[in-house]
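Please look over the sequence and the fold shown here before reading the notes that follow. They go from the chain as a whole to its separate elements and then to contacts between side chains.

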Amino acid sequence: ETTRLKLELIDLAHLEGFHRIWQTQTPRNGGESRHRHDTSHQSYNPRPLKRVLTKSSSRGVSTSIEETKTRITGILPDPARPGINNYSVFIRTPRNQDESHLIGIVGVHKDDPVPELGYIFHPSAWGKGYATEAVDAFVRHYFALRPEAAYIEAKVDGKNGPSIRVL
């Protein structure tokens, strides 16, 4: 968690919020950059190492709530896959408000052969530093839970400069 954001383990209870995010995403094509958060040093270094690849990282929009549910089901917590950790990202709200506002998802959606970081945010959350804040909080949390992990890689559309800057 951060002062502005609350991260909760991903849950189907947030399905409609996830669908709002995935139904608004614009598919992106182009080169892909792969970034690594390296933990070979004692302290966490937020400056990633870069290796450039050439393929698209987009999954495109989700056209139905059923399709969104299928996507979410694949990244839910599963004791058989302890390296898969995904979180819903909410904007913290004042105590007198009933519900937090879901703005994104951050986590490791696959861990073989190495953990791969993924994140997606609703366009209304873009440009406000939420993704950078959530990724930083998640990465620190992930390495605290999985100290054996040497690094996390993240694939980013090479034409998506704001997402590259998050890493």
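What percentage of the contacts in the protein chain with a separation of 6 or more is accounted for by residues 24 or more positions apart? In this predicted model, such residues account for 68% of those contacts. The protein chain holds 4 helices and 7 strands, and along the sequence these elements follow the pattern β-α-β-β-α-β-β-β-α-β-α. Of the 167 residues in the protein chain, 44% are buried.

**Helix 1**

- Helix 1 spans residues 15-22, and because 6 of its 8 residues are buried, this helix is largely enclosed by the rest of the structure.
- The buried residues of helix 1 are Leu15, Gly17, Phe18, His19, Ile21 and Trp22.
- These buried residues pack against one helix and several strands, namely helix 2 (65-73), strand 4 (85-91), strand 5 (101-110) and strand 6 (116-121).
- One of the buried residues, Trp22, also takes part in a contact between a charge and a ring, since Arg71 lies over the face of Trp22 at 5.4 Å from the ring centre.

**Helix 2**

- In helix 2, the residues Thr68, Arg71 and Ile72 are buried.
- Thr68, Arg71 and Ile72 cover an arc of only 95° around the axis, and therefore they lie on the same side of helix 2.
- On the other side of helix 2, Glu66 and Thr70 are exposed.
- The buried residues of helix 2 are covered by elements that include helix 1 and strand 5.

**Strand 6 and its partners**

- Which way do the side chains of strand 6 point, and are they buried or exposed? Glu116, Gly118 and Ile120 point one way, Leu117, Tyr119 and Phe121 point the other way, and all of them are buried.
- In a regular strand, side chains alternate between the two faces of the sheet.
- Because 6 of the 6 residues of strand 6 are buried, this strand is largely enclosed by the rest of the structure.
- Strand 5 pairs with strand 6 in the antiparallel sense over 6 bridges, and Ile105 has Ile120 in strand 6 as its bridge partner.
- Strand 5 and strand 6 form a hairpin, with 5 residues lying between them.
- Strand 6 is also joined to strand 7 (residues 151-157) by 2 bridges, and these two strands run parallel; here the bridge partner of Leu117 is Ala154 in strand 7.
- Between strand 6 and strand 7 the chain passes through helix 3 (residues 130-145), and this β-α-β crossover is right-handed.

**Aromatic pairs**

- How many aromatic pairs does a search of the whole structure find? The search finds 3 of them.
- Phe138 and Tyr142 make a tilted pair, at 5.7 Å centre to centre and with 35° between the planes.
- Because Phe138 and Tyr142 are 4 residues apart in helix 3, about one helical turn separates them, and both Phe138 and Tyr142 are buried.
- Tyr142 also pairs with Phe143, and this aromatic pair is edge-to-face, at 5.9 Å centre to centre and with 75° between the planes.
- Tyr142 has a relative accessibility of 1% and therefore counts as buried, while Phe143, at 12% relative accessibility, counts as buried as well.
- Ring pairs link Tyr87, Phe138, Tyr142 and Phe143 into a cluster.

**A charge over a ring, and a buried glutamate**

- The charged end of Lys6 sits over the ring of Phe90, at 5.4 Å from the centre of that ring.
- Glu133 belongs to helix 3, and why does Glu133 count as buried? Its relative accessible area is 18%, and the cut-off for being buried is under 20%.
- Leaving aside residues up to four places away in sequence, Glu133 touches Thr2, Thr3, Arg4 and Leu5.

Technical notes. Residues are numbered from 1 along each chain as its sequence is written. This is a predicted model: local features need pLDDT of at least 70, side-chain atom pairs count only at pLDDT 80 or more; totals for chains, interfaces and linings use all residues. Side-chain values use heavy atoms; hydrogens and water are left out. Buried means under 20% relative accessible area, exposed over 50%, partly exposed in between (1.4 Å probe, protein chains only). Contact means heavy atoms within 4.5 Å. Two strands pair if DSSP finds at least two bridges between them. A crossover is right-handed if, with the strands pointing away from the viewer, the path from the first strand over the helix to the second runs clockwise. The arc is that of the directions from the helix axis to the C-beta atoms. Rings of Phe, Tyr and Trp (its six-membered ring) pair if their centres lie within 6.5 Å; planes under 30 degrees apart count as stacked, over 60 as edge-to-face and the rest as tilted. A charge sits over a ring if NZ of Lys or CZ of Arg is within 6 Å of the ring centre and within 35 degrees of the ring normal.
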